[in-house]
Amino acid sequence: GKSMVLAKEIDHWLVGDHPYQTIPKAPKIYCVSANYRTHQMGIWSHLKTFLPEWEIDKLGPNVSGYILPSYVIMKNGAECWFLSAVGVEEARRMVQAAQLDLVVVDEEIDAAIWQEIQMRLIAYEGRAIFGATLVISEPWILDLDDRALAGDPEVEAFRFSTYRAAEAGHVSKKKIKEIETLCNDDDRAVRLLGKSRRS
């Protein structure tokens with residue numbers, strides 16, 4: 001569910017039809033994921049169905065070894081580039097030298113990459129959106145969670161519960177029962193309730 005939500009947010013920014021946020025004209029977006037496979041199977045698998053083909057100006061060449069374009073450029077000038085967080089120092093350098101309106105992060109990434117991303121958002125007062133199952137619970141993500149819990153107006157947190165998804169009919173209750181038998185209490189809280197390791 002979280003990858004679909006992130007993909008829809010990117011779609012709104014690329015097309016320029018956000019229902020409740022004012023977005024810049026021709027925004028520059030980086031989409032950073034744990035690796036290119038999570039891009040291909042996650043955000044891109046949804047985004048390619050959302051984007052109207054007639055609004056796309058250019059799809060970049062596929063990332064080597066994947067069915068994933070390196071970027072999408074829209075006719076209105078909006079751009080989204082897909083980057084991998086594999087190889088921390090290399091990934092950190094990949095986000096350098098950009099001025100961005102939006103960064104979308106799918107799954108947990110190293111703190112060094114997040115620090116570099118923050119520098120890329122300064123020029124345009126850009127925004128960042130994260131979607132992650134907090135298996136590792138990186139300290140920088142927990143800091144953001146603390147800010148949200150403390151009422152910081154610049155940070156919002158949303159938790160997705162697999163149990164709620166099952167109640168709504170999106171996933172199988174039978175499968176959840178099977179998964180519960182494989183999880184200890186900590187894993188159940190993270191993977192089925194959307195909590196961080198510390199909570």
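Here is a quick look at helix α1 and at strand β3 with its neighbours.

This is a predicted model, where local features need pLDDT of at least 70, side-chain atom pairs count only at pLDDT 80 or more, and totals for chains, interfaces and linings use all residues. Residues are numbered from 1 along each chain as its sequence is written, and side-chain values use heavy atoms, with hydrogens and water left out.

Let's start with α1, residues 2-15. Helices here are DSSP runs of H or I with at least four residues, strands are E runs of at least two, and numbering goes from the N terminus. The 14 residues of α1 should span 20 Å at 1.5 Å a residue (1.5 Å times one less than the number of residues), and its end C-alpha atoms agree, sitting 20 Å apart. Most of α1 is covered, with 10 of its 14 residues buried (under 20% relative accessible area, 1.4 Å probe, protein chains only). Among them are Leu 6, Ile 10, Trp 13 and Leu 14. The buried residues of α1 pack against several elements, including α3 (43-50), β3 (71-74) and β6 (127-131).

On to β3, which is covered on both faces: Tyr 71 and Ile 73 are buried on one side, Val 72 and Met 74 on the other. Strands pair if DSSP finds at least two bridges between them.

| Pair | Bridges | Direction | Opposite residues |
|---|---|---|---|
| β2 (56-59) and β3 | three bridges | antiparallel | Ile 56 and Met 74 |
| β3 and β4 | three bridges | antiparallel | Ile 73 and Glu 79 |

β3 and β4 make a hairpin with four residues in between, and Gly 77 in that turn has a positive phi of about 95°. Gly 16, just after α1, also has a positive phi, of about 85°.

Technical notes:
Buried means under 20% relative accessible area, exposed over 50%, partly exposed in between (1.4 Å probe, protein chains only). Contact means heavy atoms within 4.5 Å.
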